[in-house]
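Student: I have a new model open and I'd like to learn how to read it. Could you walk me through it, feature by feature?

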Amino acid sequence: MAQITALTPAEHAHVDRARVAAIMAELGEAAAQQVICMALEQLAAILTSVETALARDDRAQAVADAERMSRLAWQIGLVSLAGVAMDLGGAAERGDHPALAAIRQRLQRVGNGSLTAIWDRAVLP
């Protein structure tokens with residue numbers, strides 16, 4: 001009998017430490033943390049909005065949300081999240097349903113990991 005092994009995908013969030021450091025240097029620690037916190041709240045809301053749009057099969061809204069997510073993630077140094085959001089938008093635009101399903105799951109993993117990684121003291125300067 002064949003043995004079946006369940007694989008659990010793991011994603012590592014890539015945070016651009018130089019970008020985070022630049023935000024801290026430009027705004028000061030308190031203001032930078034406030035700006036980053038607001039951006040993280042917006043990203044969490046956009047993650048929910050993407051899920052809602054995809055559940056309704058509203059690909060146009062999913063593309064718009066993915067573009068917003070990518071820009072915002074890039075601005076605060078969440079490189080992995082920005083890339084996956086761009087991938088999701090491209091798959092939604094093409095109507096590539098198998099890719100969209102896979103990227104949708106990846107977006108959730110990377111999104112959740114990214115939102116917590118930026119606050120990890122090892123990541124912040």
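**Reading the helices and the loop**

Tutor: Let's start at a loop: Asp 57 sits between α2 (29–55) and α3 (59–75). Keep in mind throughout that this is a predicted model.

Student: What is the phi of Asp 57 near?

Tutor: General idea first: most residues other than glycine have a negative phi. In this case, Asp 57 has a phi near 60°, which is positive in a residue other than glycine.

Student: And is Asp 57 buried or exposed?

Tutor: The cut-off for exposed is over 50% relative accessible area. Asp 57 has 53% relative accessibility, so it counts as exposed.

Student: Let me step back to the whole chain. How many helices and strands does the protein have?

Tutor: Five helices and zero strands. Going along the sequence, the pattern reads α-α-α-α-α. The C-alpha trace spans about 55 × 40 × 20 Å along its principal axes.

Student: What share of the residues is buried?

Tutor: Of the 125 residues in the protein, 37% are buried. As for the surface, about 7,300 Å² is exposed, and carbon and sulfur atoms supply 55% of that.

Student: What about contacts between parts that lie apart in the sequence?

Tutor: Take the contacts between residues at least 6 apart in sequence: 65% of them join residues at least 24 apart.

Student: Now the helix pairs. How do I describe two that pack together?

Tutor: Two packed helices are described by the angle between their axes and the distance between the axes. Try α1 (17–27) with α2: their axes come within 7 Å and cross at roughly 125°.

Student: Which label goes with that angle for α1 and α2?

Tutor: Angles over 145 degrees count as roughly antiparallel and 65 to 115 as roughly perpendicular, with 125° in neither range. That is why α1 and α2 are called oblique to each other. The crossing of α1 past α2 is right-handed. On the α1 side you'll find Val 20, Ile 23, Met 24 and Leu 27, and they meet Glu 29, Ala 31, Ala 32, Gln 33, Val 35 and Ile 36 in α2. By class, that contact has eight nonpolar residues, one polar and one charged.

Student: How do α3 and α4 pack?

Tutor: Their angle is about 160°, and the axes of α3 and α4 are 8 Å apart. The two helices are therefore roughly antiparallel to each other. For α3 and α4 the crossing is left-handed. Residues making the contact include Ala 62, Ala 66, Met 69 and Trp 74 of α3, along with Leu 81, Ala 85, Met 86 and Gly 89 of α4. That contact of α3 with α4 divides into 13 nonpolar, two polar and three charged residues.

Student: And what angle do α4 and α5 make?

Tutor: Helix α4 (residues 79–94) packs on helix α5 (residues 97–117) at about 160°, with the axes 9 Å apart. So α4 and α5 are roughly antiparallel to each other. α4 passes α5 in a left-handed crossing. Among the residues that meet are Leu 81, Val 84, Asp 87 and Leu 88 in α4, and Ile 103, Arg 106, Leu 107 and Ser 114 in α5. The classes in the contact of α4 with α5 are eleven nonpolar, three polar and three charged.

Student: Ser 114 is in that list. Is Ser 114 buried or exposed?

Tutor: Buried means under 20% relative accessible area. Ser 114, in helix α5, has 0% relative accessibility, so it counts as buried. Setting aside neighbours within four places in sequence, Ser 114 is in contact with Ala 13, Leu 78 and Leu 81.

Student: What does Arg 106 touch?

Tutor: Arg 106 is also in helix α5, and at 33% relative accessibility it counts as partly exposed. Beyond neighbours within four places in sequence, Arg 106 is in contact with Glu 11, Val 84, Asp 87 and Gly 111.

Student: One last spot: where is His 12?

Tutor: His 12 lies in the segment before α1. With 71% relative accessibility, His 12 counts as exposed. Along the chain, His 12 and Arg 109 are 97 residues apart, while their C-alpha atoms are separated by 8.9 Å.

Conventions: Residues are numbered from 1 along each chain as its sequence is written. This is a predicted model: local features need pLDDT of at least 70, side-chain atom pairs count only at pLDDT 80 or more; totals for chains, interfaces and linings use all residues. Side-chain values use heavy atoms; hydrogens and water are left out. Axes are lines fitted to C-alpha atoms, for helices over the stretch in contact, and angles run from 0 to 180 degrees between N-to-C directions. Helices (H or I, at least four residues) and strands (E, at least two) are DSSP runs, numbered from the N terminus. Angles under 35 degrees count as roughly parallel, over 145 as roughly antiparallel, 65 to 115 as roughly perpendicular and the rest as oblique. A crossing is left-handed if the near helix is turned anticlockwise from the far one by less than a right angle, and right-handed if clockwise. Contact means heavy atoms within 4.5 Å. Ala, Val, Leu, Ile, Met, Phe, Trp, Tyr, Cys and Pro count as nonpolar, Asp, Glu, Lys and Arg as charged, and the others, Gly among them, as polar. Buried means under 20% relative accessible area, exposed over 50%, partly exposed in between (1.4 Å probe, protein chains only). Accessible areas come from the Shrake-Rupley method with a 1.4 Å probe; for residues, only the protein chains shown count as cover.
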